[in-house]
Each structure stands twice: as structure tokens, then as C-alpha cells.
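Student: Could we go through this structure together, one small question at a time?

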Amino acid sequence: MKRSELNEIIREGEKFIASFGFKLPEFATWSPDDWKRNRHRAAEVIRARLGWDITDFGRGDFENLGLLLFTVRNGSADNLKTGKGMVYAEKIMISRENQVTPFHTHKVKTEDIIVRGGAPLEVRLYNGEPGKGIDDNAPVKVRMDGIDHEVPAGGVVQIHPGSSITLEPGHVHSFWAAGGDCLVGEVSTVNDDETDNYFLDMVSRFPDVEEDEPPYRLIVPDYAKL
Ligand SMILES: [Fe+2]
């Protein structure tokens with residue numbers, strides 16, 4: 001993706017997030033120079049890969065296949081192993097109208113996908129295991145705001161503002177916003193986007209960036225260069 005495109009997506013995202021009164025932490029507004037100056041203080045922010053994250057899933061068609069994310073907090077694999085400390089993570093995301101996040105599941109992470117505001121989010125569901133594809137027969141048992149539901153294989157559930165769905169390992173899911181853009185929250189167990197996303201089709205999770213202008217904000221993969 002071009003840096004100018006990433007910059008524009010973040011500028012629009014900031015406005016959209018602010019329109020709901022949702023506030024982001026201080027480092028959300030750091031310039032690249034602020035990051036350089038604060039890189040020691042912010043060691044944990046960098047380790048936990050907090051902050052802006054944009055993906056077009058390697059397809060070069062962000063409008064139709066993509067997601068803007070901001071990771072607000074995230075523990076570590078070590079926390080999960082010991083069951084102590086920050087065993088959780090939180091993200092805020094923008095799924096644009098008809099902008100698809102492709103089918104995937106997780107081996108470790110259970111995630112609540114929460115519609116914080118805007119248009120409803122539609123989620124298509126199958127049962128499936130990483131590397132073993134989907135089961136296109138068995139109905140999917142899933143909990144939404146603590147209530148048990150059963151959805152036919154490949155069925156779509158609509159989640160309205162204030163509501164959520166709990167996606168557990170083995171829930172293969174794809175989602176998009178319907179009828180407008182959607183502000184999506186995620187509360188989950190520790191998040192590792194390098195190892196715990198199992199997509200049905202090969203995708204690349206982080207973009208190769210073509211530097212056609214200076215970065216407005218850094219995105220998570222930029223931290224490696226700090
Ligand atoms: Fe997911």
C-alpha cells in the first residue's frame with residue numbers, strides 16, 4: 001500500500017472514531033519524531049504492538065477487502081502461559097460499508113466483536129479448524145451477549161450497535177459493515193497477529209509500504225525501524 005493511502009485512511013479513521021466520542025491514548029497522535037523521542041518510554045507499547053494497524057490482506061483493494069485497527073492494550077504469551085498479568089487485549093476497528101475481512105479463525109484467541117457505533121456488522125460463520133478448512137454442514141453454536149444461538153453453516157448474523165458476538169477458536173468468521181461504516185470494538189485474550197490468524201485463503205496480514213510521502217502516523221510494522 002502507498003504511504004499516502006495509509007495516511008488518508010488514518011486521517012479519516014481518526015475523524016470517524018472521534019465522531020462517537022471514543023478517545024484514544026496519547027500515543028495515537030504521536031508523529032514519527034515523537035515515536036523516535038519516546039521509543040524507550042514506549043518500549044511496552046512497541047512490544048505489545050499497540051497502535052495503528054491497517055491491512056488490505058495483501059490484495060491491493062482496501063475499499064473492498066481491508067480493515068483499520070487500533071490496538072489499545074495487549075498482554076503477552078507469557079501472561080497467558082502463567083495465567084497472571086495482562087491476559088487480555090482490546091482493539092478498536094473500522095469496518096467500512098461492504099469492506100470484507102476474509103474468513104479466518106484463531107487457535108488461541110477468543111474474541112468478543114462488539115459494535116460500538118455506526119452501521120450494523122454482518123458476520124458469516126462456519127465451524128472449522130486451522131489448516132483443515134470449513135465444515136459446511138454442521139450448524140454453528142455461538143454466544144451473543146451471553147445468549148446461546150445456533151446459526152446454519154455459512155449463515156450470517158447481524159450485530160447492531162451495543163451488541164456483540166463471542167468468537168472462539170474453531171469459529172471461522174468473515175465480517176463487513178452493512179449500510180454504512182461501523183465502529184467495531186474487540187475485547188479478547190492476548191492477541192498475536194503474527195502467529196494466531198488462520199485465513200482460509202493465503203493473505204498477508206501486514207502491508208508492504210511504498211513510501212511516496214512521509215508517514216502521518218506510524219503503523220505497527222513501522223516500529224521495527226525505530
Ligand atoms: Fe478474528
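Student: Which strand does D53 lie in?

Tutor: Good place to begin! This is a predicted model, where local features need pLDDT of at least 70, side-chain atom pairs count only at pLDDT 80 or more, and totals for chains, interfaces and linings use all residues. Residues are numbered from 1 along each chain as its sequence is written. Strands are DSSP runs of E, at least two residues long, numbered from the N terminus, and the one holding D53 covers residues 51-55: strand 1.

Student: Is D53 buried or exposed?

Tutor: Let's use the cut-offs: 20 or more other C-beta atoms within 10 Å means buried, 12 or fewer means exposed, and in between is partly exposed, with C-beta atoms placed from the backbone. D53 has 20 C-beta neighbours inside 10 Å, so D53 counts as buried.

Student: And how does G155 count?

Tutor: G155 lies in strand 10 (residues 155-159). With 15 other C-beta atoms within 10 Å, G155 is partly exposed.

Student: Why is strand 12 largely enclosed by the rest of the structure?

Tutor: Strand 12 spans residues 171-177. The reason lies in its residues, because six of the seven are buried.

Student: How many bridges join strand 6 to strand 12?

Tutor: Two strands pair if DSSP finds at least two bridges between them. Strand 6 (residues 121-128) and strand 12 run antiparallel, and R124 stands opposite S174 in strand 12. The number of bridges joining strand 6 to strand 12 is seven.

Student: Which residue in strand 12 stands opposite H104?

Tutor: Strand 4 (residues 101-105) pairs with strand 12 in the antiparallel sense, over two bridges. Opposite H104 stands H173.

Note on methods. Helices (H or I, at least four residues) and strands (E, at least two) are DSSP runs, numbered from the N terminus.
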